[in-house]
Amino acid sequence: MVKSKKNIAIFSAKLITATAMFMALNVAMSSFGIPVPGGHFYLNDIVICTAAILLDPISAFAVGGIGSFLGDLFFYPLPMFVSLVTHGLQAVVISLCTRHLLKNHKLAASVIGVSLGAIIMVVGYSLGRAFIYSTPEYAVLKLPYQILQAGVGAVLSVILCYKCRLIKIYNKIFNV
(Lines give C-alpha, C1' and ligand atoms only; values in the text may rest on other atoms or scores of the structure.)
Protein backbone atom coordinates (compact mmCIF):
# COMPACT_ATOMS: atom_id res chain seq x y z
CA MET A 1 0.00 0.00 0.00
CA VAL A 2 1.40 3.37 -1.03
CA LYS A 3 0.38 6.65 0.62
CA SER A 4 -0.38 9.64 -1.57
CA LYS A 5 0.05 13.31 -0.67
CA LYS A 6 -3.39 13.34 0.94
CA ASN A 7 -2.65 10.18 3.01
CA ILE A 8 -5.10 8.20 0.93
CA ALA A 9 -4.10 4.58 0.49
CA ILE A 10 -3.36 3.68 -3.11
CA PHE A 11 -3.13 0.03 -3.98
CA SER A 12 -0.34 -0.46 -6.49
CA ALA A 13 -0.38 -3.02 -9.27
CA LYS A 14 2.37 -4.95 -7.43
CA LEU A 15 0.29 -5.14 -4.24
CA ILE A 16 -2.84 -6.21 -6.08
CA THR A 17 -0.83 -8.87 -7.91
CA ALA A 18 0.76 -10.16 -4.69
CA THR A 19 -2.66 -10.26 -3.00
CA ALA A 20 -4.17 -12.15 -5.93
CA MET A 21 -1.25 -14.60 -5.96
CA PHE A 22 -1.67 -15.34 -2.25
CA MET A 23 -5.46 -15.69 -2.72
CA ALA A 24 -4.87 -18.21 -5.52
CA LEU A 25 -2.42 -20.13 -3.31
CA ASN A 26 -5.00 -20.14 -0.52
CA VAL A 27 -7.68 -21.52 -2.85
CA ALA A 28 -5.23 -24.13 -4.17
CA MET A 29 -4.23 -25.21 -0.66
CA SER A 30 -7.94 -25.41 0.24
CA SER A 31 -8.61 -27.75 -2.68
CA PHE A 32 -6.97 -30.77 -1.14
CA GLY A 33 -6.55 -32.00 2.38
CA ILE A 34 -5.17 -34.88 4.33
CA PRO A 35 -8.06 -37.05 5.58
CA VAL A 36 -8.38 -37.11 9.37
CA PRO A 37 -11.22 -38.27 11.64
CA GLY A 38 -14.07 -35.83 11.23
CA GLY A 39 -12.81 -34.13 8.08
CA HIS A 40 -9.57 -33.02 6.48
CA PHE A 41 -6.33 -31.35 7.53
CA TYR A 42 -5.55 -28.37 5.26
CA LEU A 43 -2.28 -26.50 4.78
CA ASN A 44 -3.83 -23.18 3.74
CA ASP A 45 -2.99 -21.66 7.13
CA ILE A 46 0.64 -21.46 5.99
CA VAL A 47 -0.43 -19.22 3.10
CA ILE A 48 -2.79 -17.14 5.25
CA CYS A 49 -0.22 -16.48 8.00
CA THR A 50 2.59 -15.77 5.53
CA ALA A 51 0.43 -13.32 3.58
CA ALA A 52 -0.73 -11.65 6.79
CA ILE A 53 2.87 -11.08 7.92
CA LEU A 54 3.79 -9.57 4.56
CA LEU A 55 0.65 -7.64 3.57
CA ASP A 56 -1.38 -4.78 5.03
CA PRO A 57 -4.57 -5.69 6.98
CA ILE A 58 -6.99 -5.10 4.08
CA SER A 59 -4.99 -7.26 1.67
CA ALA A 60 -4.46 -9.84 4.42
CA PHE A 61 -8.25 -10.03 4.93
CA ALA A 62 -8.71 -10.55 1.20
CA VAL A 63 -6.22 -13.44 1.22
CA GLY A 64 -7.41 -15.02 4.47
CA GLY A 65 -11.14 -14.38 4.43
CA ILE A 66 -12.09 -14.12 0.78
CA GLY A 67 -9.53 -16.67 -0.38
CA SER A 68 -10.78 -19.24 2.16
CA PHE A 69 -14.38 -18.39 1.30
CA LEU A 70 -13.69 -19.05 -2.40
CA GLY A 71 -11.79 -22.25 -1.64
CA ASP A 72 -14.76 -23.54 0.36
CA LEU A 73 -17.26 -22.31 -2.21
CA PHE A 74 -15.52 -24.28 -4.97
CA PHE A 75 -14.79 -27.46 -3.04
CA TYR A 76 -16.88 -27.72 0.15
CA PRO A 77 -19.42 -24.89 0.55
CA LEU A 78 -20.98 -25.70 3.92
CA PRO A 79 -18.43 -23.86 6.15
CA MET A 80 -17.63 -21.04 3.67
CA PHE A 81 -19.00 -18.24 5.87
CA VAL A 82 -17.18 -19.63 8.92
CA SER A 83 -14.00 -19.52 6.82
CA LEU A 84 -14.68 -15.95 5.67
CA VAL A 85 -15.04 -14.64 9.21
CA THR A 86 -12.50 -16.84 10.99
CA HIS A 87 -9.63 -16.70 8.51
CA GLY A 88 -10.36 -13.06 7.70
CA LEU A 89 -10.15 -12.06 11.36
CA GLN A 90 -7.07 -14.26 11.83
CA ALA A 91 -5.27 -12.53 8.94
CA VAL A 92 -6.18 -9.01 10.09
CA VAL A 93 -4.97 -9.66 13.65
CA ILE A 94 -1.66 -11.10 12.41
CA SER A 95 -1.12 -8.18 10.04
CA LEU A 96 -1.95 -5.57 12.70
CA CYS A 97 0.32 -7.20 15.28
CA THR A 98 3.20 -7.44 12.79
CA ARG A 99 2.86 -3.77 11.85
CA HIS A 100 1.96 -2.05 15.11
CA LEU A 101 3.10 -4.23 18.01
CA LEU A 102 6.73 -4.05 19.18
CA LYS A 103 7.93 -1.82 16.32
CA ASN A 104 11.62 -2.57 16.97
CA HIS A 105 11.08 -6.33 17.20
CA LYS A 106 9.19 -7.44 14.09
CA LEU A 107 9.93 -11.13 14.61
CA ALA A 108 8.51 -11.09 18.14
CA ALA A 109 5.49 -9.10 16.92
CA SER A 110 4.89 -11.65 14.16
CA VAL A 111 5.18 -14.56 16.61
CA ILE A 112 2.61 -12.91 18.88
CA GLY A 113 0.40 -12.23 15.85
CA VAL A 114 0.46 -15.78 14.51
CA SER A 115 -0.13 -17.12 18.03
CA LEU A 116 -3.22 -14.94 18.43
CA GLY A 117 -4.25 -15.87 14.89
CA ALA A 118 -3.95 -19.58 15.72
CA ILE A 119 -6.21 -19.12 18.75
CA ILE A 120 -8.74 -17.20 16.64
CA MET A 121 -8.71 -19.95 14.01
CA VAL A 122 -9.15 -22.81 16.47
CA VAL A 123 -11.91 -21.09 18.46
CA GLY A 124 -13.67 -19.77 15.36
CA TYR A 125 -13.75 -23.10 13.58
CA SER A 126 -14.74 -25.01 16.73
CA LEU A 127 -17.68 -22.68 17.36
CA GLY A 128 -18.55 -22.59 13.67
CA ARG A 129 -18.57 -26.36 13.32
CA ALA A 130 -20.63 -26.78 16.48
CA PHE A 131 -23.17 -24.33 15.02
CA ILE A 132 -23.20 -25.63 11.42
CA TYR A 133 -23.41 -29.30 12.30
CA SER A 134 -25.53 -28.71 15.45
CA THR A 135 -23.28 -30.93 17.51
CA PRO A 136 -20.42 -29.96 19.79
CA GLU A 137 -19.11 -33.54 19.56
CA TYR A 138 -18.09 -32.98 15.94
CA ALA A 139 -16.16 -29.85 16.90
CA VAL A 140 -14.41 -31.70 19.73
CA LEU A 141 -13.50 -34.58 17.39
CA LYS A 142 -11.80 -32.19 14.98
CA LEU A 143 -10.18 -30.00 17.69
CA PRO A 144 -6.75 -31.71 17.85
CA TYR A 145 -6.40 -31.41 14.08
CA GLN A 146 -7.47 -27.76 14.15
CA ILE A 147 -4.78 -27.07 16.74
CA LEU A 148 -2.21 -28.93 14.63
CA GLN A 149 -3.26 -27.04 11.47
CA ALA A 150 -3.04 -23.68 13.24
CA GLY A 151 0.33 -24.54 14.80
CA VAL A 152 1.85 -25.77 11.54
CA GLY A 153 0.62 -22.65 9.73
CA ALA A 154 1.97 -20.33 12.42
CA VAL A 155 5.40 -21.95 12.72
CA LEU A 156 6.04 -22.46 9.01
CA SER A 157 4.94 -18.94 8.09
CA VAL A 158 7.38 -17.39 10.57
CA ILE A 159 10.15 -19.66 9.28
CA LEU A 160 9.34 -18.73 5.67
CA CYS A 161 9.21 -15.01 6.39
CA TYR A 162 12.19 -14.61 8.71
CA LYS A 163 14.50 -17.64 8.41
CA CYS A 164 14.09 -18.02 4.63
CA ARG A 165 14.12 -14.22 4.30
CA LEU A 166 10.87 -13.97 2.38
CA ILE A 167 10.11 -10.72 4.19
CA LYS A 168 13.38 -9.17 2.94
CA ILE A 169 12.61 -10.21 -0.63
CA TYR A 170 9.09 -8.82 -0.33
CA ASN A 171 10.34 -5.53 1.14
CA LYS A 172 12.94 -5.19 -1.62
CA ILE A 173 10.32 -5.73 -4.35
CA PHE A 174 7.91 -3.27 -2.75
CA ASN A 175 10.56 -0.73 -1.70
CA VAL A 176 9.43 -0.88 1.93
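Helices and strands are taken here as DSSP runs, a helix (H or I) having at least four residues and a strand (E) at least two, and they are numbered from the N terminus. On that basis, arginine 165 falls in the loop between helix H6 (136–163) and helix H7 (166–173). The structure described is a predicted model, and the values given below were computed from it.

Arginine 165 has a phi near 60 degrees, which is a positive value in a residue other than glycine. With a relative accessible area of 49%, arginine 165 is classed as partly exposed, because the exposed class is reserved for values over 50%. A positive phi is also found at leucine 102, where the angle is about 50 degrees although the residue is not a glycine. Leucine 102 is placed in the loop between H4 and helix H5 (106–132), and its relative accessible area of 39% makes it partly exposed. Another loop residue, serine 31, lies between H1 and strand S3 (34–36) and counts as partly exposed at 35% relative accessibility. A polar atom of the serine 31 side chain lies 2.5 Å from the backbone oxygen of alanine 28. The C-alpha atom of serine 31 is 9.2 Å from that of asparagine 44, a residue 13 positions apart from it in sequence.

Several polar or charged side chains were examined in the helices. Histidine 87 is located in helix H4 (residues 80–100) and has a relative accessible area of 1%, so it is counted as buried. When residues up to four places away in sequence are not counted, the contacts of histidine 87 are Asn44, Asp45, Ile48, Gly64, Gly65, Ser68, Val82, Met121 and Tyr125. With tyrosine 125 there is, in addition, a polar contact between the two side chains, at 3.3 Å. Proline 136, by comparison, is 49 residues from histidine 87 along the chain, and the C-alpha atoms of the two are separated by 20 Å.

Two of the residues touched by histidine 87, Asp45 and Ser68, were considered in turn. Aspartate 45 belongs to helix H2 and is buried, its relative accessibility being 0%. Apart from neighbours within four places in sequence, aspartate 45 is in contact with His87, Gln90, Met121, Gln149, Ala150 and Gly153. Between aspartate 45 and glycine 153 the C-alpha separation is 4.6 Å, although 108 residues set them apart along the chain. Serine 68, which is found in helix H3, is likewise buried, with a relative accessible area of 1%. Its side chain makes a polar contact of 3.2 Å with the side chain of asparagine 26. Residues up to four places away in sequence being left out, serine 68 touches Asn26, Asn44, Ile48, Val63, Ser83 and His87.

In soluble globular proteins, nonpolar side chains tend to be buried together. In the present model the largest nonpolar core contains 25 residues, of which Phe22, Ile53, Leu55 and Val114 touch the most other members. At least two residues of this core are supplied by each of helix H1 (13–30), H2, H3, H4, H6 and H7, and the largest share, seven residues, comes from H2. For valine 114, the contacts beyond four places in sequence are with Cys49, Ile53, Ile94, Ala154, Ser157 and Val158. A second core, separate from the first, consists of six residues, among them Val82, Ala118, Met121 and Tyr125. Threonine 50, in helix H2 (residues 44–54), is buried with a relative accessible area of 3%. Its contacts, leaving aside neighbours within four places in sequence, are Phe22, Ser157, Leu160, Cys161 and Leu166.

The second largest pocket encloses about 300 Å³ of space. Its lining is made up of 21 residues, and those lying nearest the centre are Tyr42, Asp72, Tyr76, Pro79 and Arg129. Two or more lining residues are given by each of strand S4 (39–41), helix H3 (57–75), H4, H5 and H6. Divided by class, the lining of this pocket has seven nonpolar, eleven polar and three charged residues.

Terms used
Residues numbered from 1 in each chain as written. Predicted model: local features only at pLDDT ≥ 70, side-chain atom pairs only at ≥ 80, totals over all residues. Heavy atoms only, no water. Buried < 20%, exposed > 50% of the residue type's maximum accessible area, 1.4 Å probe, protein only. Contact = heavy atoms within 4.5 Å. Polar contact = N/O pair within 3.5 Å; in protein donor to acceptor, adjacent residues only side chain to side chain. 1 Å grid on protein atoms, 1.4 Å probe; cavity = no way out; pocket = protein on both sides within 12 Å on 5 of 7 lines; lining within 4 Å. Points joined across faces, edges and corners; volume = space filled by probe spheres on them. Nonpolar A, V, L, I, M, F, W, Y, C, P; charged D, E, K, R; others polar. Core = buried A, V, L, I, M, F, W, Y, C linked by side-chain atoms within 4.5 Å.
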